[in-house]
Amino acid sequence: MIITTMKNHVDVVTITITRIPVDAIVTQGSSTLDTKALTGESEPRHVKIGSHIYSGSINLSGVLEARVLKVSADSTASRIIDMISNADNRRAQTENFAEKFTRYYTPLVTLFGILVMILPPMMFEGAQQGAWIYRGLIVLVAACPCGLLVSVPLAFLGGIGAASRQGVLIKGSNFLEALSKAETFVFDKTGTLTEGVFRVKEVCPKSMTPEELLELTAYGEAYSSHPISGSLREAYGRPIDKARIGAVREFPGFGLEAVVDGKQLEIGNSKFMNQQGYFYQRVADIGTAVHVAVDGEYAGYILITDVVRKEAGRLLKWLKKQQIEAVMITGDNERVAEDVARQLKLDYVYAGLMPEEKVEQVREFMESHMEDEKLAFVGDGINDAPVLAHADIGIAMGGLGSDAALEAADIILMEDDLSRIVNAIRISRGTIRAVKQNLIFAIGMKVLLLVLASFGYVTMKNAILADMAVMMINLLNSFWVLKYPE
């Protein structure tokens, strides 16, 4: 691709590139662009003279000459990065309950211990000052908040460790806590609920076997860099003997002509078949149909589509049982989005959304929630990064996810396995349960020890042993979370 920048109506630089760095308009040529990272469309988009192209897209075939419309700082990709930064500034910081509690608890019990040392000798005749000073010291030791302070971080450390062992990286304890309160999960489609790559769904020949049609098509597409061509070669699954291939001529956005084993092949979409004057078979199924003609005769078509992840259905079924609402938002077209939703039995679908529109849609969801309810968003592309940053919990696919998505996310699935979300939710709930148990046990024991120490029923040795026992029991309870099963 050739990008020409304009300054005072004079060309200042011309460069050949594959990835589009700035927003521009095509002035010459035609090609297909991979816009998956930007809009979520699984099928490449055909562009020609007059078409607008956006930063972050990838040129797949053909040569384009384009005139820059916006400087880099105003491009689509830059606006996405700005939205991520603004979202980080708005994110609320949750306060740790234990720290807030000890902020008031420590001075109060310290004052109480001093009063135990001072008041009884002043109020009661015959009270020995040395004995009450010693008892006050026992009160201070018994009230030591060490067990209380370590109870919460230890439990969260166990939860984060358990999640990492199961392929889920959580960037902070506040996100683990928020995940336990998630009432709505919003999913991107391409690369998240689907694999984000093309697969051959069906081979429909007219005058030959399916194997022969697939072999001829794979050979005809052997030199093409188009994602659909790659899926055809992958479905064929055998090495390509390029000695069998003759002349190849490609028509970007339409198809190609090739000679294979001396046979003239014409491979392309329905527009290409119309141009060549073939009476081709109409395809009603969802997907991309690659039509093939051999030696002037229509030979059939191969249906290619994005494949729904196997674990996506199980995850959504589990969320439904937990009474957690699931929603899909995507930049792909409505027809494809509704087909995926039908396969996964999703009730709520929002299609054709640009990154800014995705952010606005998620904000609407969040505004409709109760204060304690949280929203989680799961995505993988650069177009998902702003939404990941704005959501209460952003979950990114770590294997194939873009760098921007991984940076903006709060939780990362290292193996691109959606079923790991189930593990993460279970671990988060188990962690919060352990935190509450630790807090109740630690506070309860401290109150009991304070009362007993005030009346002289606890020795210094017993106070120290009790404090250590509280810490050890909380430690064991927290480490139990680390062993949380899949």
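Is M123 buried or exposed? I looked that up before anything else, keeping in mind that this is a predicted model. M123 comes out exposed, because its relative accessible area is 56% and the cut-off for exposed is over 50%.

**Around M123**

I checked where M123 sits, and it belongs to helix α3, which runs over residues 97-123. Then I looked for a surface patch. M123 helps make a nonpolar one of about 770 Å², together with L111, I114, L115, I118, L119, M122 and F124. I noted a spacing rule here: an α-helix has 3.6 residues a turn, so residues three or four places apart point the same way.

**Helix α13**

Next I turned to α13, residues 355-367, and tested its length. With 13 residues at 1.5 Å a residue, α13 should span 18 Å. Its end C-alpha atoms are 19 Å apart, which agrees. I then asked myself which residues of α13 are buried. They are P355, K358, V359, Q361, V362 and F365. These buried residues cover an arc of only 165° around the axis, so they lie on the same side of α13.

**K358 and its partners**

K358 caught my eye in that list, so I pulled up its accessibility: K358 is buried, at a relative accessible area of 0%. What does K358 pair with? One partner is D188, in a salt bridge whose closest N and O atoms are 3.3 Å apart. D188 lies in the loop between β10 (182-187) and α7 (189-193) while K358 is in α13, so this pair ties together parts that are 170 residues apart in sequence. D188 counts as buried too, at 1% relative accessibility.

K358 also meets D384 in a salt bridge, 3.0 Å from N to O. D384 is in the loop between β19 (374-379) and α14 (385-390), so its pairing with K358 ties together parts that are 26 residues apart in sequence. I have D384 down as buried, with a relative accessible area of 0%. My summary for this spot is that D188, K358 and D384 are linked in a network of salt bridges.

**Other pairs**

I found 11 salt bridges in the structure. One of them joins the side chains of E195 and R199, at 3.6 Å from N to O. E195 is partly exposed, at 26% relative accessible area, and R199 is partly exposed as well, at 30%.

Last, I looked at D467, in helix α17 (residues 460-482). D467 is buried, because its relative accessible area is 8% and buried means under 20%. The side chain of D467 makes a polar contact of 2.4 Å with the side chain of K446.

Terms used:
Residues numbered from 1 in each chain as written. Predicted model: local features only at pLDDT ≥ 70, side-chain atom pairs only at ≥ 80, totals over all residues. Heavy atoms only, no water. Helix = DSSP H or I, 4+ residues; strand = E, 2+ residues; numbered from the N terminus. Expected span 1.5 Å × (residues − 1). Buried < 20%, exposed > 50% of the residue type's maximum accessible area, 1.4 Å probe, protein only. Arc of directions from axis to C-beta. Patch = residues over 30% accessible without salt bridge, like charges linked within 9 Å, V, L, I, M, F, W, Y side chains within 5 Å. Areas by Shrake-Rupley, 256 points an atom, 1.4 Å probe, with all protein chains shown as cover. Salt bridge = Lys/Arg side-chain N within 4 Å of Asp/Glu carboxyl O. Polar contact = N/O pair within 3.5 Å; in protein donor to acceptor, adjacent residues only side chain to side chain.
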